[in-house]
Amino acid sequence: MNVSSLRCLRCHGEFDWDGEAYLCPRCPEGASVGDAGILDVQYDYKAAREQLFANGGLASERRDVFRYLPVLPLEQPAELLPAGGTPLFGVRTFAQQYGLAAVLLKDETREPTRALKDRATTIATARARKLGHTDIYCASAGNAAISMAAFAANTGMRAHAFVPSDASEVRLGWLTRLGADVRRSSGDYDQAFAEAESMRERGWYSRNCAFNPVLVEGKKTVAYEIVEQLGWRAPDLLICPVGDACTLSAAGKGFRELAAMGITETLPRLVGVQAAAVSPVVSSFRGVTLAPRPDEQAEAETAAASIKVKRPRNLRRLLSELEQSAGVMIAVGDGAIRRAQQQLAGEAGVIAEFTSAAALAGLERLAEHESLAGRTAVLLITGGRPDD
Ligand SMILES: [Zn+2]
């Protein structure tokens, strides 16, 4: 394993690798909700690069996330539901309409539970089993919990899902079918998160992404795949919906690692998209931000349940990644997301969930703001579970 240490994103303290570590031991826990001392896994990248590329090409013949094992916090692959290895394909009509050289979809709807979350769950489940845990838990409005429950079902672990009061009945139904212990909070996602973390004392393993540092490591593999699928080149733009801020910042980390190892020469601009009704990262970012078109109706609520997060827990991480990539944050109305969802279905044949369609709505808004001529954009289609 090439892990060298854990670094706190808040106080920048450096700590020895500890497979059971969650938040920074030095930063006071809960000092400010949404700004805990989240740890980041560091590697010996020279050794990692040598192991990734043996005999001139990529050493691994695996097609799942363990293809990139030298940059993961695991000694060996685990036999789990196979996550990763999703297709990347171009949609010519999108490129023409928005004036780019290419618009590519990274189709995470093909994951085992139809969501990118499976990449993170893979690493969490593998670590939990290695450490001998029988119980795993998370706070989630749906996709992360369903992913956790499916991997637990497949390996005989017990899954405990802490869901907000407004969680969808359809998703709750799947959690039950997958055998999860469902604990419905009387409050929102923030409250469910706090209730979940109080269960750590029981010895349950946490699958909360902005808490357990290994989850981001699974999510970052999407950047490795994109770069490999583009012939070891980074795209110009990577566009992704933003809720807790984990996925886009994880991709940003992956792209930075690839550049640091000398595998790529450039970093993509990270483009985060939030629903206008709940857009705290757009408000916090000091770089380029775009509001919805003036003629878009301002909504008080959003149907984009998977990104309806008022206090993004990985905000600090994402703001740093956005700065390092000269990124953009965009707020779009639900009307624009609905049109994008229709366009993904009608023109690309892709069944994206409502939240995931925000990526295309973000591209539309960005293309109105500036010329994207000659650029290649990758849209992360993060999930494909049919909406209620
Ligand atoms: Zn710290």
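**Exercise 1. The small sheet**

Val3 stands opposite Tyr43 in strand 3; starting from that pair, work out how strand 3 is paired and where it sits in its sheet.

Before we start: this is a predicted model, where local features need pLDDT of at least 70 and side-chain atom pairs count only at pLDDT 80 or more, while totals for chains, interfaces and linings use all residues. Residues are numbered from 1 along each chain as its sequence is written, and side-chain values use heavy atoms, with hydrogens and water left out.

*Solution.*
- Step 1: get the vocabulary straight. Strands (E, at least two residues) and helices (H or I, at least four) are DSSP runs numbered from the N terminus, and two strands pair if DSSP finds at least two bridges between them.
- Step 2: find the partner. Strand 3 pairs with strand 1 (residues 3-8) in the antiparallel sense, over 5 bridges.
- Step 3: place it. The sheet is open and holds 3 strands in the order 2-1-3, with antiparallel pairing. That leaves strand 2 (14-15) and strand 3 (39-43) as the edge strands, each pairing on one side only.

**Exercise 2. The zinc site**

Which residues coordinate the zinc ion, and why is the arrangement called what it is?

*Solution.*
- Step 1: list the donors (N, O and S atoms within 2.8 Å of the metal, or 3.2 Å for Na, K and Ca; water is not among the atoms, so sites may look incomplete). Here they are the SG atoms of Cys8, Cys11, Cys24 and Cys27, at 2.3 to 2.4 Å.
- Step 2: read the spacing along the chain, which is C-x2-C-x12-C-x2-C.
- Step 3: check the angles. The 4 donor atoms subtend 106 to 116 degrees around the zinc ion, so the arrangement is tetrahedral; four donors earn that label if all angles lie between 85 and 135 degrees. For four tetrahedral donors the ideal is 109.5 degrees.
- Step 4: look at accessibility (buried is under 20% relative accessible area, exposed over 50%, partly exposed in between, with a 1.4 Å probe and protein chains only). Cys8 counts as buried because its value is 1%, whereas Cys11, at 31%, is partly exposed.

**Exercise 3. Positive phi outside glycine**

Where do His12 and Trp232 sit, and is each one buried, partly exposed or exposed?

*Solution.*
- Step 1: take His12. Its phi is positive, about 65 degrees, although it is not a glycine. His12 lies in the loop between strand 1 and strand 2, and its 57% relative accessible area makes it exposed.
- Step 2: take Trp232, another non-glycine with positive phi, near 65 degrees. The loop between helix 8 (221-229) and strand 12 (237-241) holds Trp232, which is partly exposed at 26%.

**Exercise 4. The cores**

How many residues are in the largest nonpolar core, and which helix gives the most to this core?

*Solution.*
- Step 1: define the set. A nonpolar core joins buried Ala, Val, Leu, Ile, Met, Phe, Trp, Tyr and Cys residues through side-chain atoms within 4.5 Å.
- Step 2: count. The largest core has 51 residues, and Phe66, Ile136, Ala139, Ala159, Phe162, Leu175 and Tyr205 touch the most other members.
- Step 3: find the contributors. Elements giving two or more residues to this core include strand 8 (135-139), strand 9 (158-163) and helix 5 (169-177). Helix 4 gives the most, with 6 residues.
- Step 4: don't miss the other one. A second, separate core of 37 residues includes Leu52, Ile226, Met261 and Ala331.
- Step 5: check the strands. Strand 8 and strand 9 pair in the parallel sense over 5 bridges, with Tyr137 bridged to His160 in strand 9. In strand 9, 5 of the 6 residues are buried.

**Exercise 5. Helix 9**

How many residues of helix 9 are buried, and how does its span compare with the expected one?

*Solution.*
- Step 1: do the span. The expected value is 1.5 Å times one less than the number of residues. With 15 residues, helix 9 reaches 21 Å from first to last C-alpha, close to the 21 Å expected.
- Step 2: do the burial. Helix 9 is mostly covered, with 12 of its 15 residues buried; among them are Lys253 and Glu257.
- Step 3: look past the end. Just after helix 9, Gly262 has a positive phi of about 75 degrees.

Methods. Tetrahedral: all angles 85-135°; square planar, octahedral: opposite > 155°, others 65-115°.
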